[in-house]
Amino acid sequence: SIILTLMKDDKTMVKEAASVAIGAVLGSSHDINSTISSLEKSIAKNMDTKEELSVQQGAAVGLSIAARLQSGVFRTHEGLFLINSALKMAMSGSQRVQFSYNDFLWIALDVENGDAGLNEYLEHAYLEEAKK
């Protein structure tokens, strides 16, 4: 897709915008599980701490959009890699970037409605860890 190409662009502003837009693509997918698996590497690449801060933040905003459009999508086996990557970003690097990922985690884990979202995520995380 053109957005995946734009996520690798040389211009920071283009990468940032594409990182936000990919969240809308993900969030509006009818086959979310296969869409996550096909996009997660590209999204994770723009979440890397070696990326420009604005690109890292753009990825967080994109993930937040996806989480709003597809409630619970990151509390699944398929969403585990991206939410785990977001947890790492929420604890490292620039404070501005950390805040962006904290916002995403708040939405993805449905914190405002209690701890059920966190528990759902933890079940998948424990199962995944037990496989190792």
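In this predicted model, Glu128 comes out as partly exposed, with a relative accessible area of 27%. Its partner in a salt bridge is Lys131, and the closest N and O atoms of the two sit 4.0 Å apart. Lys131 itself is exposed, at 62% relative accessible area. Both residues belong to helix α7, and because they are three residues apart there, about one helical turn separates them.

That pair is one of three salt bridges in the structure. Another also involves helix α7: Glu120 pairs with Arg75, with 3.0 Å between the closest N and O atoms. Here Glu120 lies in helix α7 (residues 116-131) while Arg75 lies in the loop between α4 and α5 (80-89), so the contact ties together parts that are 45 residues apart in sequence. As for accessibility, Glu120 is partly exposed at 32%, whereas Arg75 is buried at 8%.

Then there is Glu51, which bridges to Lys15 with the closest N and O atoms 2.6 Å apart. This one, too, links distant parts of the chain: Glu51 is in the loop between α3 and α4 (53-69), Lys15 is in helix α2 (residues 12-27), and their positions lie 36 residues apart in the count along the chain. Both ends of this bridge fall under the 20% cut-off for buried residues, since Glu51 has a relative accessible area of 17% and Lys15 has a relative accessibility of 14%.

Away from the salt bridges, Ser34 lies in helix α3 (residues 32-47) and counts as partly exposed, at 35% relative accessibility. Its C-alpha atom is 26 Å from that of Ser100, a residue 66 positions away along the chain.

Note on methods
Residues are numbered from 1 along each chain as its sequence is written. This is a predicted model: local features need pLDDT of at least 70, side-chain atom pairs count only at pLDDT 80 or more; totals for chains, interfaces and linings use all residues. Side-chain values use heavy atoms; hydrogens and water are left out. Helices (H or I, at least four residues) and strands (E, at least two) are DSSP runs, numbered from the N terminus. Buried means under 20% relative accessible area, exposed over 50%, partly exposed in between (1.4 Å probe, protein chains only). A salt bridge is a side-chain nitrogen of Lys or Arg within 4 Å of a carboxyl oxygen of Asp or Glu.
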